[in-house]
Amino acid sequence: MKDLSVTLSGVKLDNPVIPASGTFGFGQEFLPYYDINILGSLSFKGTTAESRYGNPTPRIAECPNGMLNSVGLQNPGVDHVIAHELPALRKVFHKPIVANISGFSIDEYVSCVEKLTREKQVEILEVNISCPNVHGGGMAFGTSPEAAASVTRAVKQVATKPVYIKLSPNVTDIVSIARACEDAGADGLSLINTLLGMRIDLKRRKPVLANVMGGYSGPGIFPVALRMVYQVTGAVKIPVIGMGGIATARDVIEMMMAGAKAVQVGAANLVNPYACTEIIEQLPVEMDKLGIDRLSDITRI
């Protein structure tokens, strides 16, 4: 019997596979396809203090080996999530969940963390710092070590659950930002978020996306994600959840060999709704081929 279990900051998961925020909703959308309790955990849709309609359409564009999205954090707001989405999720999913939190000011991050840290089923708070800082000229919090550290310190003051900071790859030195988050008290890190990209409609001679640019995800970014996870796990002592283009069981194993303690599967869910369950079912097969008995043993650090 192969051991797929992993542990993140004291939170034990049956396996390392977690659907990434924004690709799995609040779990309800996937109930017709399979029993979602096969998952290690799930990271629910990025939640902000107030409800957001998101960006204008079109906000999805296909790309070779992936896709662009500029959804714009469409969500019903943290109070609605707590009152409606989480109770509904508890009825069908009986494992720890990851609360993905976004914000446009430090106060907004703190407010959301303060509310979601009280939720019993929420075991990890995943703080997405790729949002533009409205009080700092619009640059994302995750583009500078100082800004990343300021968010980390602020949310750690109110969090009673482990805080994982989700890092943007759209930087020149992700290691310095990772270290800044660790020094500011982060319990773990999630990386990478999407890479900034765009497409042009040749007939219209205009950008495909209404927002012009969007986040590139899918298998095409896997080598970049793997490189960044390897760099970061070699520089910090806190656990890392690796993501970015993971689509197969072998991708999971490779990402864990690069240093990740667990993984998130994103764009693959939008192409194939069975992606996560197929990966989990295939993991023991691939482990057997590679002579791996315990998945947690292969993480290099």
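What follows is a short chat about a predicted model.

User: Let's start with the open sheet of four strands; what order do its strands take?
Analyst: The pairing in this sheet is antiparallel. From one strand to the next, the twist averages 35 degrees. Reading across, the order is β4-β5-β13-β10.

User: Which strands stand at the edges of that sheet?
Analyst: Look for strands that have a single partner strand, so one side of each is left without a neighbour in the sheet. One of them covers residues 60–63 and the other covers 195–197. Those edge strands are β4 and β10.

User: In β5, which residue is the bridge partner of Ala61?
Analyst: β4 and β5 run antiparallel, and four bridges join them. Strand β5 covers residues 66–69, and that's where to look. The partner of Ala61 there is Leu68.

User: Where is Asn65 found, and is Asn65 buried or exposed?
Analyst: Asn65 sits in the loop between β4 and β5. Its phi is positive, about 60 degrees, although Asn65 is not a glycine. Exposed means over 50% relative accessible area. At 56% relative accessibility, Asn65 counts as exposed.

User: Ser9 has a positive phi too; what is the relative accessible area of Ser9?
Analyst: Ser9 isn't a glycine, yet its phi is about 50 degrees. You'll find Ser9 in the loop between β1 (6–8) and β2. Ser9 is partly exposed, and its relative accessible area is 34%.

User: Which residues does the cis peptide bond with omega about 10 degrees join?
Analyst: There is a cis bond from Thr57 to Pro58, but there omega is near 0 degrees. Pro58 lies in the loop between β3 (17–19) and β4. For the bond you're asking about, look in the loop between β9 (188–191) and β10, which holds Ile192. With omega about 10 degrees, that cis bond joins Leu191 and Ile192.

User: Which residues have the most contacts inside the largest nonpolar core?
Analyst: In soluble globular proteins, nonpolar side chains tend to be buried together. Here the largest nonpolar core has 98 residues. Leu189 is one of those with the most contacts inside the core, and it touches residues including Tyr164, Leu167, Val232 and Ile241. The full set is Phe44, Ile129, Leu167, Leu189 and Leu191.

User: How many cavities of 30 Å³ or more does a search of the whole structure find, and which strands each supply at least two residues of the lining of the largest cavity?
Analyst: The search finds one cavity of 30 Å³ or more, and about 30 Å³ of space lies in the largest cavity. Its lining includes Leu8, Ser41, Pro96 and Glu123. The strands that each supply at least two lining residues are β2 (11–13), β6 (97–101) and β7 (122–128).

User: How many of the seven residues of β7 are buried?
Analyst: β7 pairs with β6 in the parallel sense, over five bridges. One of the bridge partners is Val122 in β7, matched with Ile97. β7 is mostly covered, and its count of buried residues is six.

User: Which strand gives the largest share of the lining of the largest pocket?
Analyst: About 1400 Å³ of space lies in this pocket. Of the 50 residues that line it, the closest to its centre are Asn69, Gly72, Asn193, Thr194 and Gly215. At least two lining residues each come from β5, β13 (214–217), β15 (262–265) and α7 (267–271). The largest share, three residues, comes from β13.

User: What do the buried residues of α6 pack against?
Analyst: Helix α6 covers residues 249–257, and its buried residues are Ala249, Asp251, Val252, Ile253, Met255 and Met256. After α6 comes Gly259, with a positive phi near 130 degrees. The buried residues of α6 pack against β1, α5 (222–233), β14 (240–243), β15 and α8 (275–290).

User: Is Glu286 buried or exposed, and which residues does Glu286 touch?
Analyst: Glu286 is found in helix α8. Its relative accessible area is 7%, so Glu286 is buried, as the cut-off for buried is under 20%. Leaving out residues up to four places away in sequence, Glu286 touches Ala249, Arg250 and Ile253.

Conventions: Residues are numbered from 1 along each chain as its sequence is written. This is a predicted model: local features need pLDDT of at least 70, side-chain atom pairs count only at pLDDT 80 or more; totals for chains, interfaces and linings use all residues. Side-chain values use heavy atoms; hydrogens and water are left out. Two strands pair if DSSP finds at least two bridges between them. Axes are lines fitted to C-alpha atoms, for helices over the stretch in contact, and angles run from 0 to 180 degrees between N-to-C directions. A nonpolar core is a set of buried Ala, Val, Leu, Ile, Met, Phe, Trp, Tyr and Cys residues joined through side-chain atoms within 4.5 Å. Buried means under 20% relative accessible area, exposed over 50%, partly exposed in between (1.4 Å probe, protein chains only). Contact means heavy atoms within 4.5 Å. On a 1 Å grid over the protein atoms alone, a cavity is a set of points where a 1.4 Å probe fits but cannot get out, and a pocket is an open set with protein on both sides within 12 Å along at least five of seven lines; lining residues have an atom within 4 Å of a point. Grid points are joined across faces, edges and corners, and a volume is the space filled by probe spheres set on the points.
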